[in-house]
Structures are given as structure tokens and as C-alpha cells.
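Here is a short round of questions and answers on a protein chain. Have the sequence and the model open.

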Amino acid sequence: MKVHKRRGILYDVKKNRTLLLMLLPAALLTFVFAYLPMGGLILAFKQFRYDLGIFGSDTVGLSNFKFFFQSGDAWNVTRNTVLYNLAFIMINTVLEVGFAIVLSEIVNKFVKKTLQSIIFLPYFISWVIVSSIAYSLFNFENGTLNGILSAIGIQPVNIYAEPSWWKYIIVAFSAWKGVGYGMVVYLASIAGVDTSLHEAAQIDGANIFHRIRYITIPSITPTIITMTLLAVGKIFKGSLDLFYQLIGNNGALFDATDVIDTYVFRSLIQSGDIGKTAAVGLYQSVLCFVTIIIVNKIVKRAEADYALF
């Protein structure tokens, strides 16, 4: 009997050298921008000084974390971050799935492509431009909204001094800009559904609503769960571009709009204390990690095939 010699890792590397070379740029980028910066976590426990460097700076233990929790801002920014992200996840997911289903049922290709482009277009617009659009709409002196209100005899509203309005404005702009991208993901998932299922259902007398309920939605449920899990993993991360560009340094709106990311950014700009901002960033990352582990475990118990890992 012929015994095959066990081949080592060098043989595998040589055999797959072309594929490994194609993978190399992505691996290097991931290492440089994702793994290498992890060494900076030590800054959360340091009183950082530029002249001494990261490892030469004095260790202060949990003092940086203590400062954050005693500042009185920890609960507010954490609550805002979670509540905004929950709203983004629920509203955006419903709209993404809804638009995807509607577009998938449109027969006319020109109409379908036109609507898809219109919905997807805001995704490519910079948040800087979005902030300009928001200012043009809500500016107290000459904004479009107050112009309409004045024209119909209603007292103008100073939106930029009313925190309660921005809870809805931020969610609305997030949906307007982000729904197009998620819709494309669900459209791709719907395109993979076996058309023979729809044909068989039509023969049996099922109308469009029956087919959507009993075929389309169950078929894309794994995609919905996966996308939701990925979003939940970032539930403690606020979109800095969204919040900072729309709100800026308007202190009148901080109580209702300040999230962890904007708090960290503003603290770094104002105080320059890298240790304290690193502590808040580590706190945020740990919460994200714990959340995704817990949610994934719950999903795994309910339906193991839908879990991420």
C-alpha cells in the first residue's frame, strides 16, 4: 500500500501563492488599521505625555474611567447612543425591507431602476452636504420651513434651540441617507429566492400579499437577522459624521443629541487629554463586544443557523 507523504504548510503556501498574494493587501490593511492600534488601549490607563511616549507615561490605573463616570455625562451619552441606534435599526430595517420588496415586485425595468437610483442616491451624499441641507431647511432667519410657516401665518420655530425636535430630525436624516444601501442588500437576497415558489403559489391562487408574507419574507429572514446582528454590534457607537455635522458645537442640543463618539471627539479637542478620551473609547468598545456576544447567544439558542458564530 502506497503511503502518501504529509505535505507541510510551505507546500500549501506555494500551491496557493497567487491567492495569498491577492489577499496580502487586505491582510496588511486589516493589521495596520485594526490590530496594530489595539496597543493604544494602554492609553486608557495612562496620564499621557508626548515627551515620554505611551509606555513612558505615568500609569494612573482607573482614574481616567473615574473621571468619565463622575463627570455626570456618562449615563446621558450612553443612553442617547443606545436609543438612537435602536431607532436607526428598527426604522431603517423596516424601510429597507419594505422598499426592497416593493421594487422586487415592479415589472417595468425602467421604473424599477429609476426608483432604485433615487432611493440609493442619498447614500453617496456627504454628511457635510446633508448638514447644509438641514440648515437650509431649519434656519430660523431664512430657512425653508420657517418661510412656509410665516407664509401661512404661523409663528416661526427656532429648531436649533429646541432639543426635542432633533430626536426625530436625526432619525429621519439617517433613514433618508442610509436606507438605499440596505435596500440593495435585501434586493440581492430577494433575487436569490427560487422563482418556482412564486409560480407555484400563483397557480394555487395566492395573491401578491400572500406571496410576500409566506415566501419572500421567510426567505430573506436569515439576511435580516444577520444585518440586524451586525448593527447591534455597533449599538454603542454613534455615527460621528451624522451627529457632529448636524449638531456641531450647539450646546443647547447636547442633552438630547450628544452620543459617545461626539463626547469623545469634543473632549479631545477641548482638553487634549488623550488618556481620558481613550478610556471612554475603551468603555464603548467593551460594551459593543459584550452586546454582540449576548445577542448572538440569544439568536443561537433560538435558531442556531441564524447566529453569526
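The turns below go from overall shape to helix packing.

This is a predicted model: local features need pLDDT of at least 70, side-chain atom pairs count only at pLDDT 80 or more, and totals for chains, interfaces and linings use all residues. Residues are numbered from 1 along each chain as its sequence is written, and side-chain values use heavy atoms, with hydrogens and water left out.

Q: How many helices and strands does the protein chain have?
A: Helices (H or I, at least four residues) and strands (E, at least two) are DSSP runs, numbered from the N terminus. On that basis the chain has 15 helices and two strands.

Q: Is the protein chain more spread out or more compact than a compact globule?
A: The globule rule is 2.2 Å times the number of residues to the power 0.38, and the radius of gyration is taken over C-alpha atoms. For 309 residues the rule gives 19 Å, and the chain's radius of gyration is 25 Å, well over that, so the chain is more spread out.

Q: What is the helix content over residues 118-138?
A: UniProt, in an unreviewed entry, lists 118-138 among its "transmembrane region" stretches. Such annotations may be inferred rather than shown by experiment; positions follow the numbering used here, and feature names are shortened. The end C-alpha atoms of this stretch are 23 Å apart, strand is 0%, and helix is 71%.

Q: Why do helix 10 and helix 11 count as roughly antiparallel to each other?
A: Axes are lines fitted to C-alpha atoms, for helices over the stretch in contact, and angles run from 0 to 180 degrees between N-to-C directions. Angles under 35 degrees count as roughly parallel, over 145 as roughly antiparallel, 65 to 115 as roughly perpendicular and the rest as oblique. Helix 10 (residues 195-203) and helix 11 (residues 208-232) pack with axes 11 Å apart, at an angle of about 150°. The pair is therefore roughly antiparallel.

Q: Which residues of helix 15 contact helix 11?
A: Helix 15 covers residues 274-302, and its axis is 9 Å from that of helix 11. Contact means heavy atoms within 4.5 Å. Helix 11 brings Ile225, Leu229 and Val232; helix 15 brings Thr291, Ile292, Val295, Asn296 and Val299.

Q: What angle do helix 14 and helix 15 make?
A: Ile260 and Tyr263 are among the helix 14 residues that meet helix 15, where Ile274 and Tyr283 are among the partners. The two helices are roughly antiparallel. Helix 14 covers residues 260-271, its axis is 9 Å from that of helix 15, and the angle is about 170°.
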